[in-house]
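Biologist: I'd like to go through this one with you and ask how each label was earned. Could you show it to me?

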Amino acid sequence: MTLTELLDEAKVVPLSVEGDLDVIISGIHHDSRQVNSGDMFVCCIGETSDGHSFVPQAAEQGAVVIVATKEVEIGESVKAVVIVSDTNSILSALAGAFYGRPSESLAVVGITGTNGKTTTSYLLRSIYESMGLKTGLIGTISYSIHGKHKQDAPHTTPDAVYLQKLMATMVHNRTEVCVMEVSSHALAQDRCKEIDFDVAVFTNLTRDHMDYHENEDSYKEAKGKLFASMVDPARHRKVVNIDDPNAGYFVSLGNPKVPVVTFGMEKSADVHPLDIQLTLFETNVLVKTPRGNIEISSGLLGRHNVYNILAAVSVGIAVDAPLEDIVRGIEEVDSVPGRVELVDEEQPFAVIVDYAHTPDALSRLLDTVRECGPRRIITVVGCGGDRDRGKRPVMAKIAAAKSEVCIFTSDNPRSEDPLEILDDMLAGVGWSMDEYLKCGERSYYPPIWNGNRVFVYDLRKIAVRAAVAMGEEGDAVVIAGKGHEKYQIIGKERKYHDDREECREALLHVDMLHASGIDTSEIPWKFPGHKL
């Protein structure tokens with residue numbers, strides 16, 4: 001594709017163009033490290049870097065076209081420079097045009113909301129596959145092309161260029177449907193601007209990403225961009241959780257004539273449960289739909305997963321999926337990595353790993369576990385560094401209020417001192433780090449206001465193993481925050497860490513610890529003969 005053809009197809013009107021308009025472009029990148037000979041390099045401006053600073057590197061690697069907002073020094077390989085008013089805003093259009101707007105050849109289901117996106121996406125992929133359709137998945141855990149070419153996902157929603165490339169690969173491999181988690185960051189940054197969505201799904205909205213969005217209204221407005229694209233009543237569909245107080249806002253966006261399917265716990269929803277049975281091993285739900293009742297037995301645990309099931313059923317109803325395919329698709333999803341995932345080594349207590357990392361998600365998770373009737377809940381939770389500080393004491397208070405035992409720990413401290421993050425968390429239970437450390441000098445940490453116990457350990461590996469070691473028959477040990485993730489971000493380095501592996505390793509040694517007479521019921525552990 002020539003430069004002229006690309007600009008015309010993308011409908012980009014530059015301020016000026018210097019050089020060869022007929023130069024052939026073989027690829028598009030906004031990361032200079034990925035540029036190859038014959039590529040276009042777009043100088044996007046990020047939160048911490050400016051692409052204009054990397055033009056020399058891009059030119060050195062063979063870029064033939066530079067798209068910038070100002071004059072730049074270029075190397076001999078560069079054949080043309082395109083000046084525009086805003087590089088960030090046109091990146092999606094350029095990528096969409098270059099890759100032939102692949103989303104137009106797919107049925108694209110976009111899922112947005114604070115919680116539930118990942119599980120809902122897995123359920124929907126399974127439903128579409130039960131219908132005999134080749135289905136791709138783009139989400140927090142991985143990207144896949146109808147079950148093949150699976151890769152870990154660095155972002156919930158890829159950048160604009162990779163997103164178009166991924167969908168083009170799907171089309172090339174005859175994928176028919178793409179189920180996609182759509183993050184607020186991606187919507188705010190217009191990464192999805194050139195995606196032709198067919199169905200928009202809203203799960204719920206609670207506080208999150210306040211480190212990025214100015215306030216909760218801007219967070220909601222970013223999510224709303226997905227629904228604003230629902231304008232064609234013949235093709236588009238809206239699916240909305242009517243129990244969420246923001247439901248009306250999302251329903252109102254786009255064309256009001258676009259059909260809406262609502263879901264929720266109340267009878268006013270188009271799709272709602274008639275009966276729910278919850279245990280620590282399965283969920284059984286009888287669902288009323290506009291086309292008849294269906295019975296579903298799922299390995300996904302808890303009431304919050306009932307919402308995810310209802311969302312998936314609602315999409316099935318919206319796209320006229322056969323009821324038997326909806327049921328079969330949902331029931332074939334036994335678990336979703338890191339989403340209320342049971343770690344089972346035949347121990348007499350439950351060990352659950354979950355991605356809950358917002359106040360609402362943590363609260364829902366612990367309510368889910370409590371509803372299943374454990375003797376005690378033992379929770380490990382941390383808060384990320386260089387992120388929303390306001391949620392740290394909130395999450396700590398929720399964990400302490402809903403768990404008999406809590407261990408506060410690290411969760412991607414990044415550039416912050418883990419002890420300072422933990423100090424922010426301890427404020428949620430009325431303590432400071434200094435007060436906690438003074439208790440440690442006496443090797444005794446008193447109960448908090450509600451009689452529950454709180455401990456602190458900055459090394460997550462030790463915190464996880466200590467929590468598992470505390471588990472006794474009938475307990476539920478909950479490891480929250482990382483879920484499927486396999487790393488800890490410390491400084492700028494990603495160090496390998498998998499909560500599920502740590503749980504399994506701990507379970508292998510619990511019996512040995514107890515047989516040795518070591519008291520693991522609190523921190524620090526007490527050895528035989530230990531006296532306060």
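What follows is a friendly talk about salt bridges, surface patches, a strand pair and some backbone angles.

Modeller: Happy to help. This is a predicted model, where local features need pLDDT of at least 70, side-chain atom pairs count only at pLDDT 80 or more, and totals for chains, interfaces and linings use all residues. Residues are numbered from 1 along each chain as its sequence is written, and side-chain values use heavy atoms, with hydrogens and water left out.

Biologist: Why is the contact between Lys 402 and Asp 367 called a salt bridge?

Modeller: A salt bridge is a side-chain nitrogen of Lys or Arg within 4 Å of a carboxyl oxygen of Asp or Glu. In this pair the closest N and O atoms are 2.9 Å apart, so the definition is met. The two partners come from distant parts of the chain: Lys 402 sits in helix 12 and Asp 367 in helix 11 (residues 359-371), 35 residues apart. Helices (H or I, at least four residues) and strands (E, at least two) are DSSP runs, numbered from the N terminus.

Biologist: What makes Arg 504 and Glu 345 a salt bridge?

Modeller: The closest N and O atoms of Arg 504 and Glu 345 are 3.8 Å apart, so this pair passes by that rule too. Here Arg 504 in helix 16 (residues 499-515) is linked to Glu 345 in the loop between strand 17 (341-342) and strand 18 (350-354), 159 residues apart. By this rule the count comes to 24 salt bridges.

Biologist: Another salt bridge joins Glu 502 and Arg 465. Why is Glu 502 called buried?

Modeller: Buried means under 20% relative accessible area, exposed over 50%, and partly exposed in between (1.4 Å probe, protein chains only). Glu 502 has 11% relative accessibility, so Glu 502 counts as buried. Its partner Arg 465 has 26%, and therefore Arg 465 is partly exposed.

Biologist: How do you know that Asp 22 is exposed?

Modeller: Asp 22 has a relative accessible area of 54%, so Asp 22 is exposed. Asp 22 is found in the loop between strand 1 (16-19) and strand 2 (27-29), and it belongs to a negative surface patch with Glu 5, Asp 8 and Asp 20.

Biologist: What makes a group of residues a patch?

Modeller: Patches are made of residues with over 30% relative accessible area and no salt bridge; like charges are joined within 9 Å, and nonpolar side chains (Val, Leu, Ile, Met, Phe, Trp, Tyr) within 5 Å. Tyr 457, Leu 459 and Ile 462 form a nonpolar one, with about 240 Å² of accessible area together. Leu 459 has a relative accessible area of 48%, so Leu 459 is partly exposed.

Biologist: Why are strand 15 and strand 16 called a pair?

Modeller: Two strands pair if DSSP finds at least two bridges between them. Strand 15 (residues 283-289) and strand 16 (residues 292-298) are joined by 7 bridges and run antiparallel, so they pair. A hairpin joins strand 15 to strand 16 through 2 residues, and Val 285 stands opposite Ile 296 in strand 16.

Biologist: What is the phi of Asp 320, and is Asp 320 buried or exposed?

Modeller: Phi of Asp 320 is near 60°, a positive value in a residue other than glycine. Asp 320 has a relative accessible area of 59%, so Asp 320 is exposed.

Key: Areas by Shrake-Rupley, 256 points an atom, 1.4 Å probe, with all protein chains shown as cover. Lys, Arg positive; Asp, Glu negative; His and termini not counted. Charge placed at Lys NZ, Arg CZ, Asp CG, Glu CD.
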